[in-house]
Amino acid sequence: MSNKPVKTLANDSRPQSGKDLQRLANDGGLLLHYVARHGDLSIDADIAMGIARANEKMGTKYWSTEDEIQLLHCFDRLAKQVYPVTVESIKAVVPNVTDGKASFNGAARVITWYRRYTVLTLICLLAFQMFYLFGHSLTQTLAKSLPQAEFPLSQDLEANYQLLKKWNGIWMFGQEFQFDTQTNTESELEYQANLISAQSVLQMLQNYVLPLMYGLLGAFIFVLRSLLQQVRNLTYTASREVGYRLRLTLGCLAGMITGWLLKPEMGDMTLSPMALAFLAGYSIEVMFTLLDRLIDGIRRNTDTTVSSQPKTRS
């Protein structure tokens, strides 16, 4: 029979346990450095002594179970003292300096990503907003003159009409309306077709596209503001990234919901619907809290109506 020692789970876990304890001691030293640099906190002498001795004894023959228990106890007390700052948040925010060169950490990359796409969203929003305002101005001028319009059009109306055709050509990808009729009827039909299609596109921009983009911009600004506070307080962790990405989606939905609920008449383009879409994207909690209260109110009214109806006997 073989006399080779049998490997057990306890024997296999010892090297990994030693690595975990070494990592725990290093993390404890990282937290101690944070406390030392932070003006509002003070280092407990017992905690500092326990972690320092653990770093000194670990890996030597003097390391014992009592030292391991003391390390765990000191690290637990230190973690509670510095909370909400954690080892993960410090590593994510504070840059790593190697040979005098600072390497980018998780927080720096995330801030760069959100800053870049916030600017891109703002540029796209401005482009859509200017596109909307230019088309709205043209349609207003032509719609007012439509009842008195005579063909051929005057120079002023013809200039506005040609610009409106160019405006429609942008979203129609260069296509134009064509009718197989007589000359005068064709001109009038083409005039009305361009005007009606432009008004429809403006309606979609005003009720759906612009509120969605304003909501997205509000969500981006909220995320950047939150990142600024968390980096300043050393509380940012990579796990928050999932919540930020979901917030962008909810910001778009909140902005679009305001576009569904608030639909001003054509020509009454005011700041209020767009401002509400921006605020809904910035503070989605308020938006969905109002929706929950509305649903609860409808449910209570429905229950009250049902309970107040007289019961019929069979």
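Leucine 234 is buried, with a relative accessible area of just 15% (buried means under 20% relative accessible area, exposed over 50% and partly exposed in between, using a 1.4 Å probe and protein chains only). The residue sits in the loop between H7 and H8, and its phi is positive, about 60 degrees, even though leucine 234 is not a glycine. The model here is a predicted one, in which local features need pLDDT of at least 70 and side-chain atom pairs count only at pLDDT 80 or more, while totals for chains, interfaces and linings use all residues. Residues are numbered from 1 along each chain as its sequence is written, and side-chain values use heavy atoms, with hydrogens and water left out.

Phenylalanine 173 also shows a positive phi without being a glycine, this time of about 55 degrees. Its place is the loop between helix H6 (155-171) and helix H7 (183-233). Buried or exposed, then, is phenylalanine 173? With 73% relative accessibility, phenylalanine 173 counts as exposed.

Another loop holds a backbone feature of its own. Tyrosine 83 and proline 84 are linked by a cis peptide bond, with omega at about 15 degrees. Proline 84 belongs to the loop between helix H3 (65-82) and helix H4 (87-93).

Now for the overall build. The protein has 10 helices and two strands (these are DSSP runs, H or I of at least four residues for helices and E of at least two for strands, numbered from the N terminus). Going along the sequence, the pattern reads α-α-α-α-β-β-α-α-α-α-α-α. Of the 314 residues, 33% are buried. The accessible surface adds up to about 20,600 Å², with 59% of that belonging to carbon and sulfur atoms (areas come from the Shrake-Rupley method with a 1.4 Å probe; for residues, only the protein chains shown count as cover). As for contacts (heavy atoms within 4.5 Å), 78% of those between residues at least 6 apart in sequence join residues at least 24 apart.

One helix pair rounds off the picture. Helix H5 (residues 106-145) packs with helix H8 (residues 240-261) at an angle of about 10 degrees, the axes being 12 Å apart. H5 is therefore roughly parallel to H8, a label for angles under 35 degrees. On the H5 side the contact is made by Val110, Trp113 and Tyr114, and on the H8 side by Glu241, Tyr244, Arg245 and Leu248. These residues split into five nonpolar, no polar and two charged (Ala, Val, Leu, Ile, Met, Phe, Trp, Tyr, Cys and Pro count as nonpolar, Asp, Glu, Lys and Arg as charged, and the others, Gly among them, as polar).

Note on methods:
Axes are lines fitted to C-alpha atoms, for helices over the stretch in contact, and angles run from 0 to 180 degrees between N-to-C directions. Angles under 35 degrees count as roughly parallel, over 145 as roughly antiparallel, 65 to 115 as roughly perpendicular and the rest as oblique.
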